[in-house]
Amino acid sequence: MNRRSFLTAVGGAAVIGGSGCIDRITGREHRLWFVRANNGWPGSADVEIQIERNGTVVHDDRYSLPGFEVAGSRHEGDEALEWNDINSALIYGEWDSDPAEFTVKGRMAGRDSWERRSFDDVETTNIGATVDIVGPYDEASVSGVRVHRFDSEGQAEWFLDNVTSP
């Protein structure tokens with residue numbers, strides 16, 4: 001085997017052998033400060049939320065959320081409760097806060113398929129996420145997972161201090 005053929009074969013093997021590692025190399029690490037489940041439709045909804053940190057499930061729970069029309073859930077002048085309201089659940093502080101690769105998944109309880117979001121496309125380090133529950137008036141569904149970007153750790157901490165109940 002001549003030198004050129006050998007180098008071509010070795011280079012090709014390195015590309016093929018290393019292709020399984022590309023996701024891990026290109027994955028971005030974030031500090032996930034919270035996940036919010038938000039029921040944005042009138043009827044009640046049972047939703048399952050799962051959070052993975054570096055591929056390991058760190059949160060897996062079910063939430064029963066009333067619809068947004070339920071009895072004056074908004075409190076005038078109380079902006080802190082507007083984001084952590086009766087028709088939503090705010091999940092935080094249950095996983096290691098060091099930067100890692102996170103995936104947030106949500107689905108209606110009892111369903112097979114998950115709406116999922118990893119954050120490889122998000123350049124900001126400090127993030128939060130909302131799992132949105134919407135739907136036609138006959139049946140709710142999880143429409144997706146939105147990301148919330150924070151410019152700093154301090155901004156994310158301020159946000160949590162101001163949206164959670166004392």
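This passage describes the fold, the cores and selected residues of a predicted model.

The chain comprises 166 residues, and buried residues account for 40% of them. Its secondary structure comes to 4 helices and 8 strands. Read from the N terminus, the elements follow the order α-α-β-β-β-α-β-β-β-β-β-α. Contacts across the sequence were also examined. Of those between residues at least 6 apart in sequence, 67% join residues at least 24 apart.

Strand pairing was considered next. One open sheet holds 4 strands in the order β4-β1-β7-β8. Its pairing is mixed. β4 and β8 are the edge strands, each pairing on one side only. On average, neighbouring strands of this sheet are turned by 15° against each other, direction ignored. Within the sheet, β1 and β4 pair in the antiparallel sense, with 4 bridges between them. Arg36 has Leu90 of β4 as its bridge partner.

Another pairing links β5 and β6. Strand β6 spans residues 115–118 and runs antiparallel to β5, joined to it by 4 bridges. Gly106 stands opposite Glu115 in β6. The two strands, β5 and β6, form a hairpin with 6 residues between them. In the turn, Gly110 has a positive phi of about 85°.

Helix α4 covers residues 153–163. The helix lies across β1, β4, β7 and β8. It runs at about 35° to β1. The buried residues of α4 are Ala156, Phe159, Leu160 and Val163. Seen down the axis of α4, these buried residues fall within an arc of 95°, so they line one face of the helix. The face turned away from that buried side carries Trp158 and Asp161, both exposed.

The nonpolar interior was then examined. In soluble globular proteins, nonpolar side chains tend to be buried together. In this model, the largest nonpolar core contains 27 residues. Leu32, Val35, Val47, Ile49, Val104, Phe119 and Ile133 touch the most other members of this core. At least two core residues come from each of β1 (31–39), β2 (45–53), β3 (56–65), β4 (88–91), β5 (102–108), β7 (126–134) and β8 (141–150). Another core, of 8 residues, lies apart from the largest one. Among its members are Phe34, Phe159, Leu160 and Val163. Phe159, Leu160 and Val163 also appear among the buried residues of α4.

Val104 illustrates the contacts made by a residue of the largest core. With neighbours within four places in sequence left aside, Val104 is in contact with Leu32, Val35, Gln50, Glu115, Arg116, Arg117, Phe119, Ala129, Val131 and Val145. Leu32, Val35 and Phe119 are listed with Val104 among the core residues that touch the most other members.

Two acidic residues of β2 were inspected individually. Glu48 is found in strand β2. Its relative accessible area is 15%, under the 20% limit, so Glu48 counts as buried. The side chain of Glu48 makes a polar contact with the side chain of Arg107, at 2.7 Å. Beyond neighbours within four places in sequence, Glu48 is in contact with Asp61, Arg62, Lys105, Gly106, Arg107, Ala109, Gly110 and Trp114. Among these partners, Gly110 belongs to the turn of the β5–β6 hairpin.

Asp46 also has its place in strand β2. At 31% relative accessibility, Asp46 counts as partly exposed. Its side chain makes a polar contact with the side chain of Ser64, at 2.6 Å. Residues up to four places away in sequence aside, Asp46 touches Arg62, Tyr63, Ser64, Arg107, Met108 and Ala109. Asp46 and Tyr63 are 17 residues apart in sequence. Their C-alpha atoms are 5.6 Å apart in space.

A loop glycine completes the account. Gly27 is found in the loop between α2 (22–26) and β1. Its relative accessible area is 17%, and Gly27 is buried. Residues up to four places away in sequence aside, Gly27 touches Glu101 and Asp120. Gly27 and Asn54 are 27 residues apart along the chain, with 9.9 Å between their C-alpha atoms.

How values were computed: Residues are numbered from 1 along each chain as its sequence is written. This is a predicted model: local features need pLDDT of at least 70, side-chain atom pairs count only at pLDDT 80 or more; totals for chains, interfaces and linings use all residues. Side-chain values use heavy atoms; hydrogens and water are left out. A nonpolar core is a set of buried Ala, Val, Leu, Ile, Met, Phe, Trp, Tyr and Cys residues joined through side-chain atoms within 4.5 Å. Buried means under 20% relative accessible area, exposed over 50%, partly exposed in between (1.4 Å probe, protein chains only). Contact means heavy atoms within 4.5 Å. A polar contact is a pair of N or O atoms within 3.5 Å; within protein, one must be able to donate a hydrogen and the other to accept it, and residues adjacent in sequence count only if both atoms are side-chain atoms. Two strands pair if DSSP finds at least two bridges between them. The arc is that of the directions from the helix axis to the C-beta atoms. Axes are lines fitted to C-alpha atoms, for helices over the stretch in contact, and angles run from 0 to 180 degrees between N-to-C directions.
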